[in-house]
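Please walk through this fold with me, starting from the chain as a whole and then turning to a pair of helices, a helix with one covered side, and a few loop residues.

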Amino acid sequence: MGIREISISGHKLTIHELEDVCDSATGRVLTGSWLWDSSLLLSQWMATRAEDIRGKSVIELGAGTGLPGLTAAMLGAGRVVLTDVEALLRGLERNVEVNGLGERVEVRELVWGSEEEEEEWVSSGARKGEGEFDIVLMSDVFLEVEAMGDLAKTLKRVCGSGSQVWCGSEVRQWTYECLGQLVSEGFGVVELPSPVGVSDGSWDLFSIFHLIPPIEGCHVGEYLVLEGLGDA
């Protein structure tokens, strides 16, 4: 397990990476075990939007090591919920603890599109008020096109009409296909290109994506142009 010290806007966050953790059902390594450059990019970008974060409720989906969510807490968010699959919760809890953010940050299991968890959130009262967050964070989640339907279901559940959805991502050949699936689910997408040099030189382009949740009675994706979609 690695330990990384990350500096965001002059503040240090300690991130513990897990040894490769595997999905118990498929045997596949869970990539959320370690820190990704896209989460660094998103966190650094968030530091320029501190006024938009202060006092807000924030949820991170597919949090992995939790850097963006922890950054939100450090920047003054009123409440932060880090979510991921069960196998990664131990690492998230440790990162909350070592950074002394336990009073404002909680860790919860959340599997995208899970009907059982939908019922649990509703029965706990989270769906009304507590379940709709001001800001939703994601990093490097546009990996599997077939997972986008479940992601859309979860996004619709945690977003209110005024929610901001911010995602940092490496731009890969399938990124726009994944985003296109979200557009088909009614989301609007705006891309802010952010070329970033990566230490090993293997990647040369990352972007911040703003997702606009569907408004009741209005299919946003029908009229908002997804920048770059035609070039994918």
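In this predicted model, 67% of the contacts in the chain with a separation of 6 or more are accounted for by residues 24 or more positions apart. The chain that carries these contacts has eight helices and 11 strands, and of its 232 residues 50% count as buried.

A helix pair makes a convenient starting point. The axes of helix 1, residues 37-46, and helix 3, residues 67-74, come within 9 Å and cross at roughly 15°. Because angles under 35 degrees count as roughly parallel, helix 1 is described as roughly parallel to helix 3, and the crossing in which helix 1 passes helix 3 is right-handed. On the side of helix 1 the contact is made by S39, L40, L42, S43 and M46, while helix 3 contributes L67, P68, T71 and A72. Sorted by class, this contact of helix 1 with helix 3 comprises six nonpolar residues, three polar ones and no charged residues.

Helix 3 itself is mostly covered, with seven of its eight residues buried; these are L67, P68, G69, L70, T71, A72 and A73. Just after helix 3, G76 takes a positive phi of about 110°.

Helix 8, residues 175-184, can be read by asking where its covered residues lie. Its buried residues are T175, Y176, C178, L179, L182 and V183, and because they cover an arc of only 155° around the axis, they are placed on the same side of helix 8. The spacing of such residues can be read against the geometry of an α-helix, which has 3.6 residues a turn, so that residues three or four places apart point the same way. Helix 8 is followed by G186, whose phi is positive, near 105°.

Several of these helix 8 residues reappear in the surroundings of F142, whose place is in the loop between strand 8 and helix 7. F142 counts as buried because its relative accessibility is 0%, and, leaving aside residues up to four places away in sequence, F142 touches M148, L151, C167, S169, W174, T175, C178, L179, L182, F209 and L211. F142 and R172 are 30 residues apart in sequence, yet their C-alpha atoms are 8.8 Å apart in space.

A second pairing with that sequence separation is formed by Q173 and L143, which are 30 residues apart in sequence and 9.8 Å apart in space, C-alpha to C-alpha. Q173 is found in the loop between strand 9, residues 159-170, and helix 8. Is Q173 buried or exposed? With a relative accessibility of 68%, Q173 counts as exposed, since the cut-off for that class is over 50%.

The loop between strand 8, residues 133-139, and helix 7, residues 148-158, also holds D140, which has a positive phi of about 50° although it is not a glycine. As a general rule, most residues other than glycine have a negative phi. D140 counts as buried, because its relative accessibility is 10% and the buried class lies under 20%. A positive phi in a residue other than glycine is also found at S9, where the value is near 50°; S9 lies in the loop between strand 1, residues 3-8, and strand 2, residues 11-16.

Key: Residues numbered from 1 in each chain as written. Predicted model: local features only at pLDDT ≥ 70, side-chain atom pairs only at ≥ 80, totals over all residues. Heavy atoms only, no water. Axes fitted to C-alpha atoms, helices over the stretch in contact; angles between N-to-C directions. Helix = DSSP H or I, 4+ residues; strand = E, 2+ residues; numbered from the N terminus. Parallel < 35°, antiparallel > 145°, perpendicular 65-115°, else oblique. Left-handed = near helix turned anticlockwise from the far one by under 90°. Contact = heavy atoms within 4.5 Å. Nonpolar A, V, L, I, M, F, W, Y, C, P; charged D, E, K, R; others polar. Buried < 20%, exposed > 50% of the residue type's maximum accessible area, 1.4 Å probe, protein only. Arc of directions from axis to C-beta.
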